[in-house]
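Here is a friendly walk through two chains, best read with the viewer open. We will begin with how some helices pack and then visit a few individual residues.

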Amino acid sequence: MSILVKDVSKRFGEHTALERVSLEVPSGVLVALLGPSGSGKTTLLRIIAGLEVADEGSVFLHEEDARQLDVRERNIGFVFQHYALFRHMTVHDNIGFALKVRRRPKQEIKTRVRELLRLIQLEGIEYRYPAQLSGGQRQRVALARALCARPRVLLLDEPFGALDARVRKELRDWLRRLHDEIHVTSVFVTHDQEEALELADRVVVMNHARIEQVGTPEEVYHHPANPFVMRFLGQVNLFHGRLEEGQVVADPAGDATPVVGYARPHQLEISRESASGWPARVLRMNAAGIQVRVDLLLTQENRTMEVALSQERFHELALRAGENVFVKPKQLKVFAEATAEDYVI
Amino acid sequence: MPNVNRKVLPGFSLSLGYTVFYLSVLVLLPIFACFSKAASLSFDEFWSAVWTDRTRAAYVLTFGTAFIAAIVNLFLGLLIAWVLVRYEFPGKRLVDSLIDLPLALPTAVAGLVYASLYVENGWLGQFLVPLGIEAAYTRLAIVLVLTFIGLPFVVRTVQPVLEDLDPEAEEAAASLGATRWQTFRKVILPALFPALITGFALAFARGLGEYGSVVFVSGNMPYRTEIAPVLIVARLEEFAYGEATAIAVVLLVISFSMLVVINLLERWSKRHDA
């Protein structure tokens with residue numbers, strides 16, 4: 001076990017950032033801490049790093065109690081959201097900083113820096129200053145700097161948050177390949193579910209100072225533990241219905257147990273027959289993409305709903321805006337009404 | 001045809017015109033007058049006015065004391081700015097406003113107060129003089145009073161830069177294994193360097209031109225505690241205007257070239273800003 005977090009709590013004045021959080025990170029795994037802002041994910045990362053001290057609970061790094069260890073003794077690599085490069089130092093001096101403060105010989109530093117520059121594919125920029133680099137280059141230099149002293153764990157705080165979409169995608173793929181190459185236990189914080197699902201081996205979904213679910217990207221996406229996880233991991237549609245003989249039906253007046261069903265846009269089917277579907281009106285359609293996005297208005301509840309159809313099905317149906325149709329979930333995830341709050345994301 | 005080169009903020013030529021005009025009237029014209037007055041002397045007269053044992057002693061004293069005071073202010077100012085930015089303590093705002101006092105106080109008052117403090121029966125002098133530290137009417141007195149006069153400059157130039165420092169850079173240094181001292185020396189200090197040089201230059205320049213306070217604390221003994229501005233006044237009192245301006249020209253030229261060097265140093269220290 002590379003990182004073990006046990007019952008960690010942290011409060012900032014009245015605000016509770018973490019409430020008895022426990023987490024295990026096995027060696028060599030890439031973990032995403034995913035959650036909305038204010039969910040405590042960055043605080044958890046900073047406590048693992050030693051940049052923040054937990055009020056209660058303990059942190060172990062490679063079976064060693066880290067509470068006695070200051071951030072500079074933990075031998076972690078930390079990558080900051082805004083890179084935090086040393087502006088007055090060249091790329092070479094930035095990357096070699098960790099070895100320099102350990103008073104290693106110049107030649108060793110030089111060799112290691114060259115090795116890292118090859119790793120981040122930025123050879124030949126040793127003597128530039130951070131101000132002369134692009135955002136993506138800076139982030140890679142920051143990563144190389146964090147890796148220089150061969151840290152036991154690598155921690156990244158919103159590593160792609162300050163980059164534009166295209167660079168972010170590139171760097172994400174690159175980081176995945178890099179991790180497969182060097183296998184250092186890594187934890188990164190993100191509020192972007194797509195990034196977490198695509199990049200991580202494990203996803204830790206956090207909300208309101210607690211961990212909601214831990215699992216592989218498939219597990220958290222296909223088997224969310226609760227409505228919050230379901231809603232946070234992608235576009236989702238709500239159906240208010242009643243549970244009748246193991247079936248959710250659109251029957252607002254019935255006396256069976258009321259439930260809320262959740263379905264992703266691609267799990268919905270549009271038809272013109274009324275058979276146990278929810279009546280809806282087509283608002284608008286957008287066929288530019290792999291799938292066709294159709295926005296519907298549920299006529300009974302006056303709520304909008306997003307449906308994703310395949311291009312073939314869309315042409316087959318030949319929908320028109322304003323048309324009245326029925327929508328029916330092919331699959332529906334039901335959580336008991338008591339836990340199904342309306343989460344604000 | 002419309003002017004395609006116009007900027008969002010208009011008035012470039014107007015503001016530049018005013019700048020040049022003010023600089024000419026307020027700075028260049030008096031300097032030119034000073035030079036032309038000095039030029040009324042022949043070269044031999046000029047040389048014998050500016051290059052005697054007494055004037056040389058005065059130059060060394062003027063630049064030496066201003067330099068030492070600016071160095072003291074460099075460290076003292078950094079320390080004060082650090083305390084004011086990094087720590088919270090009762091009376092912080094009062095301390096903060098006290099920093100500017102030397103700018104507002106008539107310097108003659110500062111000189112009188114310092115002189116009375118350090119004389120043999122003054123508040124501080126009664127303890128220092130028996131220890132052999134004579135701070136009144138000595139070179140030490142000049143350094144002390146110039147340090148007082150120059151105090152605000154380093155504090156006020158370093159303070160905003162220190163406030164704007166990225167706390168993440170310090171956390172990054174710590175996470176990379178740097179000790180507090182290494183973080184200060186390798187991360188914080190280089191970031192403050194341009195501001196420190198600016199503050200030093202301002203304090204130094206202020207010290208070079210100071211007259212009002214020094215005249216009260218130094219005793220103005222030729223060869224020992226007589227600074228160049230005092231010498232100029234002495235020449236003026238003898239109605240030797242040409243000689244007085246000649247010394248002034250020398251002061252001006254040395255000061256200007258030193259400030260140019262300091263400016264170059266500052267620019268060099270900012271070389272990493274693209």
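How are α9(B) and α10(B) oriented to each other? Please keep in mind that this is a predicted model. Helix α9 (residues 167–175) of chain B and helix α10 (residues 180–209) of chain B have axes that come within 10 Å and cross at roughly 140°. α9(B) and α10(B) are therefore oblique to each other, since an angle has to be over 145 degrees to count as roughly antiparallel. Their crossing is right-handed. On the α9(B) side, the residues involved are Ala169(B), Glu170(B), Ala173(B) and Ala174(B), and they meet Thr183(B), Val187(B) and Ile188(B) of α10(B). Sorted by class, this contact of α9(B) with α10(B) has 5 nonpolar, 1 polar and 1 charged residues.

**A second partner for α10(B)**

Helix α8 (residues 139–164) of chain B also packs with α10(B), at an angle of about 150° and with the axes 8 Å apart. α8(B) and α10(B) are therefore roughly antiparallel to each other. Here too, the crossing is right-handed. From α8(B), the contact is made by Leu146(B), Ile149(B), Gly150(B), Phe153(B), Val154(B), Thr157(B), Val158(B), Val161(B) and Leu162(B). From α10(B), the contributors include Ile188(B), Ala191(B), Leu192(B), Phe200(B) and Arg206(B). By class, the residues of the contact of α8(B) with α10(B) divide into 15 nonpolar, 5 polar and 1 charged. Ile188(B) of α10(B) appears in the contact with α9(B) and also in the contact with α8(B).

**Chain B as a whole**

These helices belong to a chain with 13 helices and 0 strands. The C-alpha atoms of chain B fill a box of roughly 75 × 65 × 30 Å along the principal axes. Of the 274 residues in chain B, 43% are buried. Taking contacts in chain B between residues at least 6 apart in sequence, 76% join residues at least 24 apart. The accessible surface of chain B comes to about 15700 Å², and carbon and sulfur atoms account for 70% of that surface.

**Over to chain A**

Helix α1 (residues 41–49) of chain A is mostly covered, with 8 of its 9 residues buried. Among them are the charged residues Lys41(A) and Arg46(A), along with Leu44(A), Leu45(A), Ile47(A) and Ile48(A). Just after α1(A) comes Gly50(A), with a positive phi of about 95°.

Two other residues of chain A have a positive phi without being glycine: His62(A) and Arg103(A). The table sets out their values.

| Residue | Phi | Loop in chain A | Relative accessibility |
|---|---|---|---|
| His62(A) | about 50° | between β4 (56–61) and β5 (64–65) | 31% |
| Arg103(A) | near 55° | between α2 (91–100) and α3 (106–119) | 68% |

His62(A) counts as partly exposed, whereas Arg103(A) is exposed.

One more loop residue is worth finding in the viewer. Is Asp192(A) buried or exposed? Asp192(A) is found in the loop between β8 (185–190) and α6 (193–199) of chain A. At 17% relative accessibility, Asp192(A) counts as buried, because the cut-off for that class is under 20%. Leaving aside neighbours within four places in sequence, Asp192(A) is in contact with Leu34(A), Arg168(A) and Arg172(A).

Notes:
Residues numbered from 1 in each chain as written. Chains lettered and ligands numbered in written order. Predicted model: local features only at pLDDT ≥ 70, side-chain atom pairs only at ≥ 80, totals over all residues. Heavy atoms only, no water. Axes fitted to C-alpha atoms, helices over the stretch in contact; angles between N-to-C directions. Helix = DSSP H or I, 4+ residues; strand = E, 2+ residues; numbered from the N terminus. Parallel < 35°, antiparallel > 145°, perpendicular 65-115°, else oblique. Left-handed = near helix turned anticlockwise from the far one by under 90°. Contact = heavy atoms within 4.5 Å. Buried < 20%, exposed > 50% of the residue type's maximum accessible area, 1.4 Å probe, protein only. Areas by Shrake-Rupley, 256 points an atom, 1.4 Å probe, with all protein chains shown as cover.
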